[in-house]
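Colleague: I've got a fresh structure on my screen and a few things I'd like to ask. Walk me through it, please.

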Amino acid sequence: MSRPTGTSPTTEPVVVIVPGLRDHVENHWQTLLAARLTEAGRTIRTVPPVTQNQLSREARVAALAKVVSEITGPVVLVAHSAGVITTVHWSQETEAQVQGALLVTPPDFESPLPEGYPTAEVLAENGWTPVPRSPLPYPSIVAASSNDPLAALDRVADLARDWSGRLVELGEVGHLNPASGHGPWPEAEELLRELEQS
């Protein structure tokens, strides 16, 4: 596949957006970030929604793998929630040229989630657990909330350590999604620049 006009593997990496289980959400910070970066002339690719077996970890890893396989040159990943876990699973089996990853509010799939979310049994049946704990083969920043209903801060800190990522504590931002009152998240661009300069 040819590269889009105006991009070069020797300049800025392609930004790959890896959404969580709710996929595309109009006023989500990932959607807004993609729009801002596109306006700034960056090349953005968003992993499309899974239309069948939506809870399948394998299907979501395959969707991410397909997007990255169509990119020439380095990529930087921007993942949120279950998208972080998708990214970590994918990273165990890829040799793609990843410059870095911003991993935002990963859920703790190995502890019970609040009502309305998949149970531990369902997550296990769909291949999400155990969550890989090996060091990631690229630099990463793990952004954590101190009051995330889907993961205690100490659990996210453990994940960041195991993945050899730098932990950034965001304070009380819930799950950093529209449901917790958050749309735009300007700090994402700052952290992305940090990854790209590392």
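**Around the model**

Colleague: V61 lies in helix α2 (residues 57-69; helices are DSSP runs of H or I with at least four residues, strands runs of E with at least two, numbered from the N terminus). Is V61 buried or exposed?

Modeller: First, this is a predicted model: local features need pLDDT of at least 70, side-chain atom pairs count only at pLDDT 80 or more, and totals for chains, interfaces and linings use all residues. Residues are numbered from 1 along each chain as its sequence is written, and side-chain values use heavy atoms, with hydrogens and water left out. V61 has 3% relative accessibility, and with a 1.4 Å probe on protein chains only, buried means under 20%, exposed over 50% and partly exposed in between, so V61 is buried.

Colleague: Which residues does V61 touch, leaving out those up to four places away in sequence?

Modeller: V88 is 27 residues along from V61, with their C-alpha atoms 9.2 Å apart. Going by contacts (heavy atoms within 4.5 Å), V61 touches T86, H89, W90 and E93.

Colleague: How wide is the arc of the buried residues of α1, seen down its axis?

Modeller: Helix α1 covers residues 29-39, and W29, Q30, L33, A34 and L37 are buried there. They line one face of the helix, because the directions from the helix axis to their C-beta atoms fall within an arc of 135°.

Colleague: And what do those buried residues of α1 pack against?

Modeller: An α-helix has 3.6 residues a turn, so residues three or four places apart point the same way. In α1, the buried residues pack against strands β1 (14-18), β2 (44-46), β3 (75-80) and β4 (98-104), plus helix α6 (187-197).

Colleague: What phi does T105 take?

Modeller: Most residues other than glycine have a negative phi. N53, in the loop between β2 and α2, isn't a glycine but has a positive phi of about 50°, and N53 is exposed at a relative accessible area of 61%. T105 sits in the loop between β4 and α4 and is buried, at 1%. T105 isn't a glycine either, yet its phi is positive, about 40°.

Colleague: Which peptide bond is cis, with omega near 0°?

Modeller: Most peptide bonds are trans. Look in the loop between α4 (120-125) and β5 (140-144), where P130 is found. The cis one runs from T129 to P130.

Colleague: Which lining residues are closest to the centre of the largest pocket?

Modeller: On a 1 Å grid over the protein atoms alone, a pocket is an open set of points with protein on both sides within 12 Å along at least five of seven lines. The largest pocket holds about 360 Å³ (grid points joined across faces, edges and corners; volume is the space filled by probe spheres set on them). Lining residues have an atom within 4 Å of a point. There are 21 of them, and the closest to the centre are L21, R22, S81, Y117 and H175.

Colleague: What volume does the second largest cavity have?

Modeller: Two cavities of 30 Å³ or more turn up in the whole structure (sets of points where a 1.4 Å probe fits but cannot get out). P107, D108, F109, E110, V131, R133 and L159 line the second largest. Its volume is about 30 Å³.

Colleague: Where is the pLDDT below 50?

Modeller: pLDDT is the predictor's confidence in each residue, from 0 to 100, and the protein averages 92, with 94% of the residues at 70 or above. The stretch below 50 has 14 contacts beyond near neighbours in sequence, and it is residues 1-10.
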